[in-house]
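Open the model in your viewer and keep the selection panel at hand. The stops below say what to select next and what is there.

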Amino acid sequence: MNSVELSHIRYRYPLTKGYALDDVTFAFEQGKFYGVIGPNGGGKSTLCSLIKGLIPDFYLGELTGGVTIEGRPVGEWDKSELCSKVGYIFQNPFTQISGIRDSVLEEIVIGLENLGMEKEEMIRRAMAVVEQVGIYDLLQKNPNELTGGQRQRVAFASILAMDADIYVIDEPTSQLDPDGTESIFQIIRSLKEQQKTVILVEHKIELLAEYADEILVIDGGKLIRSGPTREVLSDYGLVRRQVALPQTVLFGHEMARAGMPLRALPITLEEAETYVRERGGEAV
Ligand SMILES: Nc1ncnc2c1ncn2[C@@H]1O[C@H](COP(=O)(O)OP(=O)(O)OP(=O)(O)O)[C@@H](O)[C@H]1O
Ligand SMILES: [Mg+2]
C-alpha cells in the first residue's frame with residue numbers, strides 16, 4: 001500500500017492568482033526516503049502542508065484533487081489520528097516551538113500530551129529522543145531563548161517522540177552547522193531503517209544524493225521531475241531550470257565538455273574520486 005498518494009492536486013492560497021501546486025500526481029511508497037528540491041517559491045512547503053492536512057483546513061484557499069494517506073482520503077481521517085500518523089517539521093523553527101511551555105522537556109512532550117499518553121511513557125519516550133538527538137544540555141532551557149539551530153534540534157526531537165509512520169520534514173538543517181546537519185541525516189536514515197516514510201525538503205543536495213531513494217523536483221507548482229535519486233540528479237537539463245545539482249555532477253559535465261568524459265556523472269564525492277582515478281587523473 002502506498003503511504004501517501006496525491007492525485008491531480010491543484011491548490012491556490014486565498015487571495016492569490018497563481019496555483020501554488022498545479023496538477024501534482026505522485027505516490028509515495030512506505031519505507032522510502034524522498035528528497036524534495038526545486039527553486040524558491042516552487043511549492044515545496046505547500047506540498048508538505050498539504051500532506052500534513054493543513055491545506056485547506058488551516059490555510060484555506062481552493063483545493064482540487066485527492067490526497068490519500070494509507071489508502072484512505074485525508075478528509076476521512078480522525079484529526080488526532082492523522083496527527084500521530086504524520087509528523088511534520090516546519091521550515092521555520094521559530095514557528096514550530098509553541099512558546100507556551102517553560103522548558104524544552106515540556107515542549108518535547110507537548111504532542112504526546114495531546115495524544116493522551118500516560119506520564120511515565122511520555123517521560124520514557126522523551127528521554128529516548130533527547131539522547132538520540134543529543135540535547136541533554138538544552139533540557140532545562142526556556143524554549144523561547146533557544147537559537148535557530150537549537151530550535152531545529154528540539155523540533156526534531158518532539159517529532160521523533162511522536163513515533164509517526166510518515167515524516168514530512170521541511171529544511172530541518174537550515175540553521176545547523178555541518179556536524180549538526182550530519183547528525184540529523186543519520187537520524188533520518190535510521191527512520192528509514194525502521195520502515196518509516198520520509199519526505200524531506202532540503203537544499204543540501206550533496207546529502208540527498210547520498211541518502212535519498214528518490215527525488216522530486218517542484219518548480220512553479222508543478223512536479224517537473226521525479227525518480228530514483230541517481231537518475232534525477234544526473235539530469236543536467238535541470239540546471240537550466242535553476243535546480244541546484246551536486247557539484248560533482250557539474251564537475252562531471254565540465255570534464256565531458258573538455259573532452260575527458262567520466263564513466264558516468266558522479267552524484268557523490270566518492271563516485272567522483274573513483275571515476276577520476278579510473279581515468280588515471282588526480283583525485284579531486
Ligand atoms: N500562506 C501563503 N499565502 C499566500 N501565498 C503563499 C503562502 N505560502 C506560500 N505562498 C506562495 O505559494 C508559492 C509556493 O510557496 P512555497 O512556500 O510552497 O515554496 P517553497 O518551494 O517552499 O519555497 P522556499 O524554497 O522559499 O521555501 C509561492 O508563490 C508563495 O509565494
Ligand atoms: Mg519552503
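Where is the place of P39? Select it: P39 is in the loop between β3 (33-37) and α1. Helices here are DSSP runs of H or I with at least four residues, strands are runs of E with at least two, and both are numbered from the N terminus.

Before moving on, some ground rules. This is a predicted model, in which local features need pLDDT of at least 70, side-chain atom pairs count only at pLDDT 80 or more, and totals for chains, interfaces and linings use all residues. Residues are numbered from 1 along each chain as its sequence is written, chains are lettered from A and ligands numbered from 1 in the order in which they are written, and side-chain values use heavy atoms, with hydrogens and water left out.

**Stop 1: P39 and its surface**

P39 is buried, at a relative accessible area of 16%. Buried means under 20% relative accessible area, exposed means over 50%, and partly exposed is in between (1.4 Å probe, protein chains only). Now add R189 to the selection. P39 and R189 are 150 residues apart in sequence, and their C-alpha atoms are 25 Å apart in space.

**Stop 2: ligand 1**

Select ligand 1 and show its surroundings. How many residues surround ligand 1? There are 14, and the closest are G41, K44, S45, T46 and Q91. A residue counts here if one of its heavy atoms lies within 4 Å of the molecule. By class, the shell has three nonpolar, nine polar and two charged residues. Ala, Val, Leu, Ile, Met, Phe, Trp, Tyr, Cys and Pro count as nonpolar, Asp, Glu, Lys and Arg as charged, and the others, Gly among them, as polar.

Pick out three distances:

- G41: a polar backbone atom is 2.8 Å from an oxygen atom of ligand 1.
- S45: a backbone N or O atom lies 2.8 Å from an oxygen atom of ligand 1.
- T46: a polar side-chain atom lies 2.5 Å from an oxygen atom of ligand 1.

On its own, ligand 1 has 630 Å² of accessible area, and the protein covers 62% of that. The areas come from the Shrake-Rupley method with a 1.4 Å probe; for residues, only the protein chains shown count as cover.

**Stop 3: the magnesium ion**

Select ligand 2, the magnesium ion. Which protein atoms are its donors? They are S45 (OG) and Q91 (OE1), at 2.0 to 2.1 Å from the ion. Donors are N, O and S atoms within 2.8 Å of the metal (3.2 Å for Na, K and Ca); water is not among the atoms, so sites may look incomplete.

S45 lies in helix α1 (residues 44-51), and Q91 lies in the loop between β6 (86-89) and α3 (93-96), so the pair ties together parts that are 46 residues apart in sequence. S45 is partly exposed at 25% relative accessibility. Q91 is partly exposed at 35%.

**Stop 4: the cysteines**

Select C48 and C83. The structure holds zero disulfides. A disulfide would be a pair of cysteine sulfur atoms within 2.5 Å. For C48, the nearest cysteine sulfur is that of C83, 16 Å away. C48 is buried, with a relative accessible area of 1%. C83 is partly exposed at 38%.

**Stop 5: backbone oddities**

Most residues other than glycine have a negative phi, and most peptide bonds are trans. Start with I55 and P56. A cis peptide bond joins them, with omega about 5°. P56 lies in the loop between α1 and β4 (62-69).

Go to L15, in the loop between β1 (2-12) and β2. L15 is not a glycine, yet has a positive phi of about 60°. L15 is exposed, at 92% relative accessibility.

Then take D163, in the loop between α6 (148-161) and β7 (166-170). D163 is not a glycine either, and has a positive phi of about 50°. D163 is partly exposed, at 42%.

**Stop 6: helix α4 and a neighbor**

Select residues 104-114, helix α4. Its buried residues are V104, E107, I108, V109, I110, G111 and L112. G116 follows α4 and has a positive phi, near 75°.

Add Q140, in the loop between α5 (119-133) and α6. The C-alpha atoms of Q140 and V104 are separated by 6.2 Å, with their positions 36 residues apart along the chain. Q140 is exposed, with a relative accessible area of 73%.

**Last stop: F28**

Select F28, in strand β2 (residues 21-29). Is F28 buried or exposed? F28 counts as buried, at 0% relative accessibility. Finish with Q242: F28 and Q242 are 214 residues apart in sequence and 25 Å apart in space, C-alpha to C-alpha.

Methods:
Polar contact = N/O pair within 3.5 Å; in protein donor to acceptor, adjacent residues only side chain to side chain.
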